[in-house]
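Subject: Structure for you to look at

Hi,

Here is the structure I promised to pass on. Have a look at it first, and then read on for what I found.

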Amino acid sequence: MKKLISAAALLAVLAPAAAQAADPRPDQLAFRELYSELVETNTTLSSGSCTLASERMAARLKAAGFADDQLTLFATPEHPKEGGLVAVYPGTAKAAKPILLVAHIDVVEAKREDWERDPFKLIEEGGYFYGRGTLDDKAQAAVWVDTLIRFKQQGYKPKRTVKLALTCGEETNGAFNGVEWLAANKRELIDAEFALNEGGGGDSDGKGKVLGQSVQVGEKTFANFRLETRNPGGHSSVPVRDNAIYQLSRALTKIDEYEFPVEMTDVTRRFAEAGAARGDETGNAMAALAKNPADKAALAIVDKDRFLHGNIRTTCVATLLDGGHAPNALPQRARANINCRIFPGHSIESIKAELEKVIGDPGVAVTQLPPKRPAPPAPPLDPKIIGPMEKLVAQYWPGLKVIPSMSNGYTDATFLGAVGIPTYGIPGIWGDPDGNGVHGLNERVEVKAIYVGRDYMFDLVKAYADKP
């Protein structure tokens with residue numbers, strides 16, 4: 001899940017959270033069992049199995065009445081534990097294009113000795129579900145599986161075909177990625193007019209009140225570059241100016257001091273315009289910057305916010321460093337990794353060229369490192385897609401608006417967008433201001449957020465499936 005800081009969190013709009021009964025409904029208890037099984041299936045790259053998790057979800061769908069030819073389990077011989085599942089719920093209107101529900105089921109590593117609770121047990125405590133993946137992204141994956149099961153139970157006959165893809169590899173750069181593999185090898189299996197994904201969602205005050213809901217429309221491309229300096233080295237008792245570590249340090253200082261120019265897409269401009277609803281200095285500066293990106297006074301205020309600073313430009317930052325080979329020798333080599341989050345509309349090659357220009361030293365080699373992600377354009381703000389989200393948000397959280405946002409991170413939408421499937425991170429499940437431990441320790445999500453978000457997402461899928 002790459003919604004590091006949600007767009008909706010920036011709008012301090014007060015609105016009542018959707019009411020939720022203290023005692024779960026029978027269907028919610030059934031969902032909890034499914035959710036628990038998914039969370040408690042370890043799907044880390046080091047010791048888990050997405051294949052096993054996919055098989056367990058397929059078994060639940062088959063028990064609900066799905067035929068064998070509606071369920072496709074996939075894995076490659078090279079990556080037997082990184083498999084996934086595609087399920088198809090057929091629609092009645094053959095001419096209507098399908099929709100795709102996508103969620104990754106792999107999770108970030110979690111060590112039991114570091115956590116207060118077992119990260120691979122779903123624990124309900126103090127109004128929260130705890131466990132690795134409870135929010136990122138097994139909550140959404142469980143809701144999608146549950147949605148198709150509820151369709152079967154209701155005998156629902158949608159006009160659109162609804163497809164589901166549970167995949168592995170989103171959390172680990174360079175690992176086998178299920179969405180990438182499906183897009184390259186089974187495009188027809190996931191073919192859809194558009195897809196619903198992670199990346200959007202809601203924000204609360206951490207005390208149960210939902211403050212905003214957002215839809216992710218587009219995201220940055222990421223790229224890693226290696227900076228490297230080399231020379232013959234020598235004995236440390238005879239230092240020279242031509243020092244690989246110093247040369248690299250000068251290059252890193254130049255990158256640190258360089259700011260990429262301010263840019264806006266239609267989505268980020270609308271997001272900034274909505275900042276006026278905050279009623280504070282930052283919100284007013286956001287709105288001013290939307291009107292005039294050259295407003296230096298407004299930019300100085302906006303740049304104080306870490307998320308906003310990255311949301312209006314490309315960013316590049318040093319993340320790894322190594323150099324030298326002995327404590328009593330001049331370094332023969334020094335290296336650093338630069339991680340860039342590239343604003344839409346720029347190629348990786350153009351950012352590499354810009355870094356080389358900023359460094360201004362041909363002795364510093366800049367190399368783009370794999371994997372190389374595609375850089376698809378942002379999906380359109382199509383009223384046919386955004387409209388149902390807005391209508392249902394108004395029903396579930398009266399007074400709230402759906403705020404379009406661009407992610408500073410990236411998701412599997414990158415691969416879907418690259419093959420022509422516009423992908424949106426949907427509203428629904430909300431988080432707390434502290435990030436809920438996603439990618440960190442003691443990951444958690446509010447129980448109410450799961451149950452209410454589940455109902456919202458179910459209604460949203462039906463809204464699309466009913467009206468092609």
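The secondary structure of the chain adds up to 14 helices and 19 strands. With a radius of gyration of 24 Å, close to the 23 Å that the globule rule gives for 468 residues, the chain is as compact as a globular protein of that length, so the rule describes it well. Along the principal axes, the C-alpha atoms fill a box of roughly 80 × 55 × 50 Å. Please keep in mind that this is a predicted model.

**Two domains**

The domain assignment splits the chain into domain 1, made of 26-219 + 378-466, and domain 2, covering 222-369. Taken over C-alpha atoms, the centres of domain 1 and domain 2 are 32 Å apart.

**Where they meet**

How many residues of each domain are in contact with the other? Eleven residues of domain 1 touch 13 residues of domain 2. Together, domain 1 and domain 2 bury about 1100 Å² between them, and 66% of that lies on carbon and sulfur atoms. On the domain 1 side, the residues that lose the most area to domain 2 are L381, M406 and N408, which together account for 50% of what that side buries.

As for specific polar interactions, the count of salt bridges between domain 1 and domain 2 is zero, while three residue pairs are in polar contact, both residues being at pLDDT 80 or more. Two strands stand out on the side of domain 1 that touches domain 2: β9 (210-219) and β16 (402-407) each supply at least two residues. Of the elements on that side, β16 gives the most, with four residues. By type, the residues of this side of domain 1 divide into six nonpolar, four polar and one charged.

**Backbone details to check**

Since you may want to set up calculations, here are some backbone features. The peptide bond joining D136 and D137 is cis, with omega at about 0°. D137 sits in the loop between β5 (128-130) and α3 (138-154).

A cis peptide bond also runs from P370 to P371, where omega is near -5°. You will find P371 in the loop between β15 (365-369) and α12 (383-396).

Which residue has a positive phi although it is not a glycine? That is H439, with phi at about 70°. H439 is placed in the loop between β18 (430-431) and β19 (444-446).

Happy to talk it through whenever suits you.

Best wishes

Conventions:
Residues numbered from 1 in each chain as written. Predicted model: local features only at pLDDT ≥ 70, side-chain atom pairs only at ≥ 80, totals over all residues. Heavy atoms only, no water. Domains from an automatic or database assignment. Contact = heavy atoms within 4.5 Å. Buried area = accessible area lost by both parts, 1.4 Å probe. Salt bridge = Lys/Arg side-chain N within 4 Å of Asp/Glu carboxyl O. Polar contact = N/O pair within 3.5 Å; in protein donor to acceptor, adjacent residues only side chain to side chain. Nonpolar A, V, L, I, M, F, W, Y, C, P; charged D, E, K, R; others polar. Rg over C-alpha atoms; globule rule 2.2 N^0.38 Å.
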